[in-house]
Amino acid sequence: MDETVEIQSCDSPARLLLSDLSYDGSGQDSWASFVATIEDDGLHANVRVFDLGPESLVDLFEQMNEEYRGWDGAKTWKSIEGQMALSCTSDRSGHAFVEVVLRPDLRPDRWEVNSRLRIDAGQHDRIAKRLARWVNAKQSAS
């Protein structure tokens, strides 16, 4: 059974779902892919994301958890082929704002979907742990 990681906004129905994680190749030639879905007020968009590995997503949310009181600037993540990008900012009240961009590829003439998720300070740790379990479970099965 494939697991899904859900990142739910705390102030709207917006959510980001990550599912269908798979690895191909081995060693330095390995890469991962997964499906990223945005759902928000009648919107449903998804893309297959290709990257060297979703471990860097775990790192992003672990950093956000370590700095749960807020940080300066944006913490960013982007898949190597541009299908998904995250830009995470914070206020000094412990809220993080995750701007999610999905697109089928890097060509500017294609569609693009943007959504904003608000994450409370207590969610960073749960999201990081859930992402780590998702990645580790699939790596163990490979």
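Leave out its neighbours within four places in sequence, and Leu16 is in contact (heavy atoms within 4.5 Å) with Val5, Glu6, Ile7, Ala36, Thr37, Ile38, Met84, Leu86, Val100 and Leu117. The model is a predicted one, so local features need pLDDT of at least 70 and side-chain atom pairs count only at pLDDT 80 or more, while totals for chains, interfaces and linings use all residues. Residues are numbered from 1 along each chain as its sequence is written, and side-chain values use heavy atoms, with hydrogens and water left out.

Leu16 also turns up in the largest nonpolar core, which has 35 residues. Such a core is a set of buried Ala, Val, Leu, Ile, Met, Phe, Trp, Tyr and Cys residues joined through side-chain atoms within 4.5 Å. Buried stands for under 20% relative accessible area, exposed for over 50%, and partly exposed for what falls in between (1.4 Å probe, protein chains only). The members that touch the most others are Leu16, Leu18, Phe34, Phe61, Met84, Leu86 and Leu131. In soluble globular proteins, nonpolar side chains tend to be buried together.

Next come the strands. Helices (H or I, at least four residues) and strands (E, at least two) are DSSP runs numbered from the N terminus, and two strands pair if DSSP finds at least two bridges between them. One open sheet has four strands in the order E1-E2-E3-E4, paired antiparallel. Its edges are E1 (5-8) and E4 (43-51), each pairing on one side only. From one strand to the next, the twist averages 20°; axes here are lines fitted to C-alpha atoms, for helices over the stretch in contact, and angles run from 0 to 180 degrees between N-to-C directions. Strand E3 (residues 31-40) is joined to E4 by nine bridges, the two running antiparallel. Glu39 sits opposite His44 in E4.

Two residues in this part of the chain have a positive phi without being glycine: Asp20, near 55°, and Asp41, near 40°. Most residues other than glycine have a negative phi. Asp20 belongs to strand E2 (residues 15-24) and counts as partly exposed at 35% relative accessibility. Asp41 is found in the loop between E3 and E4, and its 68% relative accessibility makes it exposed.

Another open sheet, also of four strands, follows the order E5-E6-E7-E8 with antiparallel pairing. Here E5 (75-78) and E8 (113-119) are the edge strands, each pairing on one side only, and the twist averages 15° from one strand to the next. Four bridges link E5 to strand E6 (residues 84-90) in the antiparallel sense, with Trp77 opposite Leu86 in E6.

Helix H1 lies across E5, E6 and strand E7 (96-102), at about 170° to E5. H1 covers residues 55-66, and at 1.5 Å a residue its 12 residues should span 16 Å (1.5 Å times one less than the number of residues); the end C-alpha atoms are 17 Å apart, which agrees. Buried in H1 are Leu57, Val58, Leu60, Phe61 and Met64. They share one side of H1 because they cover an arc (taken from the directions from the helix axis to the C-beta atoms) of only 160° around the axis.

In the loop between H1 and E5 lies Gly70, which is buried at a relative accessible area of 14%. Not counting residues up to four places away in sequence, Gly70 touches Ser90, Asp91 and Arg92.
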